[in-house]
Amino acid sequence: ISGQAIAYSCMDIGSSTDCLIEDVIFRNTRGFGGSAVALAASGGGAGVLRLRVTGCKFLDCGVSAIANASDGVFLRGRHSKIDNCFAYKVTDTAFVMEGCQYSEISDCVVQDSTAFAGITNDTATDRFGNMINGLTGTTNYVGSLGGVIAVGCFGAGNLYQTSISNVTIRVETGAGGGGPAVQLRHTSTGRVIGVDMENISIDSGSTVGIMTQGIFSDDCDNVKINNSSIVMDTNVASLGSSAIYFRTAGVNNSVNDTYVNGSYNGLNVGGTSNVLAQNNTLKNQAAYGLVSSDTATVNSIWNTISGSATSATIKDVGATLYSLNQTLANWTSWTPTLSTDLGNAAFSFASSTITLAKLSRIGNTISVVLTFTVTLNAITPLQLRATLIPTGYSPANDNMFGYAQITEVTGGGTITNGYPGHCKALSGTDQIVILRTNSAYTASSVVTAALTLTYEAAP
């Protein structure tokens, strides 16, 4: 099916139910006074119901991203699906789902086009449950308004429960424009609430300054970015770009197990946004690995930040940055305080293990007091697990250690008993006492033991 010289669509489907469009080639659409559409399936009102577009090709749709542009598919419907389709030189958006409910784009390929896909709500009614699962390709123009993949609200209705997974985006050499790879935003009272992103791979290629953000979220809640990879150019000092940018506002957002290489800033959280960043790698930024600006709150746990040209982290005066790193020496400020019955105890630090050597018993208690300060993560509660393992005895027949115990001296939290270690919730500045009691101790008994302290998620 070929469009005419000036045409809005090759095919226009009105209100319909249970339609199948399979193995059709759409080409040569041309926008006029706005973007054209190769396949329009809107139907007005609630749109189409249970439409499937599969195995179709959308070729040479539109002239360019800035003149006579064209979409591939424009879908407004419920329980509908676009799958196993191919888009080549589509100059607006290859696959659009607007005002949809429980609809899907899956297993599609895009080549040498502008935007890949959009999930948006332009209605006054809330929309739910749309997803992208399997979308890969190359872009030749990164737009500033929608990005390569757009999720947004343009009316009074909210957009809930959006899922984006298994996506690959690469910017072609010589590409134009300037904007984000994935953009989440709203222009009216409706908001984007709940976006789960999993296994997103973004690469700016050899371009410089074309991809200004990898993932850009502006005033959206419950945005989760997991197990993803963003590689951007580092020659972007004049742009102030960020690989991941939460701007303006938004709560209950998180970035987990994600690799970021390049950009001006790695993770940038601004406005009043609230973000948990955990188990991420941020490297080779032109300025900062992690930024908490304005009055934002960032909870940084077990992140690896390296190669930042200016500094690993920075925060504004009004912003909050809680930071807990993975190496024991960097977690907290440890000040071991020996009780009077320890005498000649020696301490050595290696990873998360403290070796306590030559603990001489006086009375029937051997104790070690460790004072530590930790800035408690406000989103994911943590607890401390202590495990004390004996490594040697003198006399050899003294079985001096039977169980572990943590006794709180100061600070809040609850002690949880359990072998092989005891756990304690963290709260500000705390002291713990490791107690070992056994009536078989003698004044001459000496034990060597290893105390392992680890952080873990609290139940």
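**Paired strands and a buried loop residue**

Leucine 75 stands opposite methionine 97 in strand 12. This pair of residues is a handy way into the predicted model, since it belongs to the pairing of strand 8 with strand 12 (residues 93-98), where the two run in the parallel sense and share three bridges.

Strand 8 itself rewards a closer look. It spans residues 67-75, and seven of these nine residues are buried, so the strand is largely enclosed by the rest of the structure. Another of its partners is strand 4 (residues 36-41), which runs parallel to strand 8 and is joined to it by five bridges. Within this pairing, valine 37 has aspartate 71 of strand 8 as its bridge partner.

The pairing with strand 7 (residues 57-64) has another direction: here strand 8 is matched in the antiparallel sense, over two bridges. Strands 7 and 8 form a hairpin, with two residues between them. At this hairpin, serine 64 is found opposite alanine 67 of strand 8.

Further along the chain, strand 27 offers a second example of a covered strand. It runs over residues 265-269, and five of its five residues are buried, which leaves the strand mostly covered. Strand 24 (residues 242-247) lies parallel to strand 27 and is connected to it by four bridges; in this pairing, isoleucine 244 faces leucine 267 of strand 27. Strand 27 also pairs with strand 30 (residues 288-292), again in the parallel sense and over four bridges. There, asparagine 265 has tyrosine 288 of strand 30 as its bridge partner.

Next comes a residue from a loop. Alanine 287 sits between strand 29 (281-283) and strand 30, in the loop that links them. Is alanine 287 buried or exposed? Its relative accessibility is 2%, and because the cut-off for buried is under 20%, alanine 287 counts as buried.

Which residues does alanine 287 touch, leaving aside its neighbours within four places in sequence? The contacts of alanine 287 are Tyr264, Asn265, Ser308, Ala309, Thr310 and Ser311. Asn265 is already familiar from strand 27, as the bridge partner of tyrosine 288. Thr310 shows how folding can bring together parts of the sequence: alanine 287 and threonine 310 are 23 residues apart along the sequence, yet their C-alpha atoms are 4.8 Å apart in space.

Technical notes. Residues are numbered from 1 along each chain as its sequence is written. This is a predicted model: local features need pLDDT of at least 70, side-chain atom pairs count only at pLDDT 80 or more; totals for chains, interfaces and linings use all residues. Side-chain values use heavy atoms; hydrogens and water are left out. Buried means under 20% relative accessible area, exposed over 50%, partly exposed in between (1.4 Å probe, protein chains only). Two strands pair if DSSP finds at least two bridges between them. Contact means heavy atoms within 4.5 Å.
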